[in-house]
Amino acid sequence: MSFIHNAWYVACWSDDVKPGALFSRTLLNQRVVFYRKADGQAAALQDRCPHRFIPLSMGKLSGDVIECAYHGLQFDCSGRCTKNPHGDGKIPAAAQVRSYPVEDRHGMLWIWMGEEAADPALIPDYSVLDAAAGYQVTRGCIHIAANYELMGENLLDLSHITYLHDGYLGSPEQVGADQTVKEEGGRLHCNRWMPNISVPGIFDMLYRRDGKPVDMWTHMTWMPPSCFLLDTGVQQAGLAEREQQGWYYGVHILTPETERTTHYHFAAALPAGTRLAPEDAATFAQMRRYAFEEQDKPIIDAQQAAIGEADFWSLKPVLLTVDAGPIRMRRSLEKLRQAEVAKRTAAAAPADATRAPAPQVTQTA
Ligand code: FES
Ligand SMILES: [Fe+2]
């Protein structure tokens with residue numbers, strides 16, 4: 001299975017890349033080194049010296065260039081070798097590493113690893129995380145030992161919260177939710193409406209702290225290939241309008257590390273009216289992290305281990321009504337992958353034709 005390359009992915013939280021330091025992460029099977037230039041702008045380079053393939057992240061940052069730890073070649077933020085300390089100092093043409101477009105946006109560092117031109121306008125809007133939006137934000141990142149599509153299915157099928165997150169995010173009556181799945185402009189909306197349910201712990205804390213039944217919604221939007229935004233909350237059972245106190249936006253962003261591992265960034269943005277005391281904000285963040293790290297992760301890791309190298313569809317998975325969203329996501333991803341491969345093949349075709357002209361056929365009578 002190949003990745004979709006022509007897309008923005010979250011490499012890390014912006015403050016993971018600190019001034020004067022090198023930060024390395026594997027994304028889409030490629031090791032990348034990040035740093036900040038003297039002006040604070042982020043840079044990203046292939047994390048492999050072209051000389052003897054040592055990770056450049058083992059080297060040192062000197063101004064705006066990285067010096068390789070092994071023999072001292074230096075590379076600037078465009079990936080060009082700017083110094084060869086050996087011999088006559090001539091720089092071999094091949095002394096070059098790939099550089100990647102990056103953007104700091106909404107507290108995250110986004111990277112574009114495709115061959116097409118990077119357009120920052122395509123970065124999904126997570127402005128609820130910006131200080132200017134006035135939300136109270138908590139955030140985290142965990143590592144999942146599974147392909148990102150398995151984690152994506154988890155996010156698009158929130159029926160699992162009744163079972164996996166009972167008491168934290170879920171409660172037993174949620175299983176009877178009204179569910180709608182809708183595609184709009186390439187995005188997928190998976191909505192669940194759960195009237196008159198016992199209030200899950202995390203929402204009771206955000207809402208009235210009285211343990212009384214509530215109506216609850218989870219509206220999850222998927223933005224291909226791997227960005228998700230959840231609008232979720234509770235309100236007084238039977239009340240037609242949403243109250244301010246019982247809801248938040250959940251940010252869930254998956255970045256493939258390898259075919260079988262994923263970086264999972266998550267955040268929550270609580271509206272100003274909710275503003276939790278610091279100790280409650282810490283409890284809220286801990287509950288969410290516990291749900292993702294101690295409840296989702298073991299299941300998804302085990303799911304990947306059980307699937308192993310097998311193709312997902314070859315195992316003939318049983319399909320339930322709750323799979324409507326996940327299946328649409330899988331189909332959309334497959335289409336996007338095929339479109340990317342077709343474009344690449346078409347772009348390569350004229351060059352191949354010039355390199356290897358078709359043999360001349362001589363007609364003989
Ligand atoms: S391995 Fe980097 S300079 Fe030799
Ligand atoms: Fe979950």
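A donor is an N, O or S atom within 2.8 Å of the metal. This report uses that term to describe an iron site, and then turns to the domains, the salt bridges and some local features of the chain. The model is predicted.

## The iron site

The iron ion (ligand 2) has as its protein donors His 160 (NE2), His 165 (NE2), Asp 296 (OD) and Asp 296 (OD). These atoms lie 2.1 to 2.4 Å from the ion. Along the sequence, the donor residues of the iron ion (ligand 2) follow the spacing H-x4-H-x130-D. His 160 is placed in the loop between helix H1 (148-156) and helix H2 (161-164), while Asp 296 belongs to helix H4 (residues 278-307), so the pair ties together parts that are 136 residues apart in sequence.

The arrangement of the 4 donor atoms around the iron ion (ligand 2) is irregular because the angles they subtend run from 56 to 149°. For four donors to count as tetrahedral, all angles must lie between 85 and 135 degrees. Both His 160 and Asp 296 are buried.

## Two domains and their contact

The protein is divided into domain 1 (8-121) and domain 2 (127-333). Taken over C-alpha atoms, the centres of domain 1 and domain 2 are separated by 34 Å. Domain 1 contributes 15 residues to the contact, and domain 2 contributes 20 residues.

Between them, domain 1 and domain 2 bury about 1,500 Å², of which 59% is on carbon and sulfur atoms. On the side of domain 1, the residues that lose the most area to domain 2 are Tyr 9, Trp 13 and His 106; together they account for 42% of what that side buries. The rule finds 1 salt bridge across the interface of domain 1 and domain 2.

## Salt bridges

A search of the whole structure finds 20 salt bridges. The table lists some of them, with the distance between nitrogen and oxygen.

| Acidic residue | Basic residue | N to O distance |
|---|---|---|
| Asp 15 | Arg 139 | 2.7 Å |
| Asp 280 | Arg 209 | 3.0 Å |
| Glu 149 | Arg 330 | 3.2 Å |
| Glu 103 | Arg 105 | 3.9 Å |

The salt bridge between Asp 280 and Arg 209 links distant parts of the chain, 71 residues apart. Asp 280 is in helix H4, whereas Arg 209 is in the loop between helix H3 (201-206) and strand S15 (214-223). Arg 209 has a relative accessibility of 47% and therefore counts as partly exposed. Salt bridges that share partners also join Glu 149, Glu 153, Arg 330, Glu 334 and Arg 337 into one network.

Within that network, the side chains of Glu 149 and Arg 330 meet in a salt bridge. This pair, too, links distant parts of the chain, with Glu 149 in helix H1 and Arg 330 in helix H5 (residues 324-355), 181 residues apart. Glu 149 and Arg 330 are both buried.

Glu 103 and Arg 105 also form a salt bridge. Glu 103 counts as partly exposed because its relative accessibility is 26%. Arg 105 also counts as partly exposed, at 26% relative accessibility.

## Individual residues

His 5 is found in the segment before strand S1 (8-13). With a relative accessibility of 16%, His 5 counts as buried. Apart from its neighbours within four places in sequence, His 5 is in contact with Leu 28, Gln 30, Met 113, Gly 114, Glu 340 and Arg 344.

Gly 201 is part of helix H3, and its relative accessibility of 25% makes it partly exposed. Leaving aside neighbours within four places in sequence, the contacts of Gly 201 are Gly 167, Tyr 168 and Met 287. Gly 201 and Phe 284 are 83 residues apart in sequence, and their C-alpha atoms are 9.8 Å apart in space.

## Backbone features

Pro 224 and Pro 225 are joined by a cis peptide bond, with omega about 0°. Pro 225 lies in the loop between S15 and strand S16 (227-236).

Asn 29 is a residue other than glycine with a positive phi, near 70°. Asn 29 is located in the loop between strand S2 (23-27) and strand S3 (30-36), and at 41% relative accessibility it counts as partly exposed. Phe 53, which is not a glycine, has a positive phi of about 70°. Its place is the loop between strand S4 (42-46) and strand S5 (60-62).

Methods: Residues numbered from 1 in each chain as written. Chains lettered and ligands numbered in written order. Predicted model: local features only at pLDDT ≥ 70, side-chain atom pairs only at ≥ 80, totals over all residues. Heavy atoms only, no water. Donors = N, O, S within 2.8 Å, 3.2 Å for Na, K, Ca; no water. Tetrahedral: all angles 85-135°; square planar, octahedral: opposite > 155°, others 65-115°. Helix = DSSP H or I, 4+ residues; strand = E, 2+ residues; numbered from the N terminus. Buried < 20%, exposed > 50% of the residue type's maximum accessible area, 1.4 Å probe, protein only. Domains from an automatic or database assignment. Contact = heavy atoms within 4.5 Å. Buried area = accessible area lost by both parts, 1.4 Å probe. Salt bridge = Lys/Arg side-chain N within 4 Å of Asp/Glu carboxyl O.
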